[in-house]
Amino acid sequence: MVNVRIPQIADLKTAVNLYHSKPMLFNDDVKELFPTVKGRATITKLKQKAREYMVEHDILSYNAQSVNTEAAYAAWGLDINDLENRLKKLEKLKLL
């Protein structure tokens, strides 16, 4: 089991946009989602954690350089429904 600290996301809009626009996440996408991540080692560990989730849930990998977006978010503890609800609330309050 990969042990990695999950960094803070860039912002709600970026997280929701990546989830819905990218079926697979590559290194640059992980950097966009987690802008405080600078090193390749951390990106690799994050992707390994997502790959472990993919194996556990029988999700096929189509590319050795990427991970399934839905699986990655689940592995990293990012609940897309919660993120979307928070984003909608901010938009409703006109805080975005």
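The protein chain holds five helices and two strands, where helices (H or I, at least four residues) and strands (E, at least two) are DSSP runs numbered from the N terminus. The model is predicted, so local features need pLDDT of at least 70, side-chain atom pairs count only at pLDDT 80 or more, and totals for chains, interfaces and linings use all residues. Residues are numbered from 1 along each chain as its sequence is written, and side-chain values use heavy atoms, with hydrogens and water left out.

**Overall form**

- Read from the N terminus, the order of elements in the protein chain is α-β-α-α-β-α-α.
- The radius of gyration of the protein chain is 13 Å, which agrees with the value near 12 Å for a compact globule of 96 residues; the radius is taken over C-alpha atoms, and the globule rule is 2.2 Å times the number of residues to the power 0.38.
- The C-alpha trace of the protein chain spans about 40 × 30 × 20 Å along its principal axes.
- In the protein chain, 64% of the contacts with a separation of 6 or more join residues 24 or more positions apart; contact means heavy atoms within 4.5 Å.

**Surface and charge**

- The protein chain has an accessible surface of about 6,300 Å², and carbon and sulfur atoms account for 50% of this surface; the areas come from the Shrake-Rupley method with a 1.4 Å probe.
- Of the 96 residues, 39% count as buried, meaning under 20% relative accessible area (exposed is over 50%, partly exposed in between; 1.4 Å probe, protein chains only).
- The protein chain carries 15 positive and 12 negative charges, with mean positions 7 Å apart; Lys and Arg count as positive, Asp and Glu as negative, and His and the chain ends are not counted.

**Nonpolar core**

- The largest nonpolar core has 27 residues, and those touching the most other members are Ile-9, Leu-33, Phe-34, Tyr-73, Trp-76, Leu-78 and Leu-83.
- Two or more residues of this core come from each of H1, helix H2 (27-33), helix H3 (40-56), helix H4 (69-75) and helix H5 (80-92).
- H1 gives the largest share of this core, five residues.
- Beyond its neighbours within four places in sequence, Ile-9 is in contact with Ala-15, Leu-33, Phe-34, Pro-35, Leu-78 and Leu-83.

**Leu-12**

- Leu-12 lies in helix H1 (residues 12-21) and is buried, with a relative accessible area of 17%.
- Outside its neighbours within four places in sequence, Leu-12 is in contact with Leu-83, Arg-86, Leu-87 and Leu-90.
- Leu-12 and Asn-85 are 73 residues apart along the chain, and their C-alpha atoms are separated by 9.7 Å.

Key. Charge placed at Lys NZ, Arg CZ, Asp CG, Glu CD. Core = buried A, V, L, I, M, F, W, Y, C linked by side-chain atoms within 4.5 Å.
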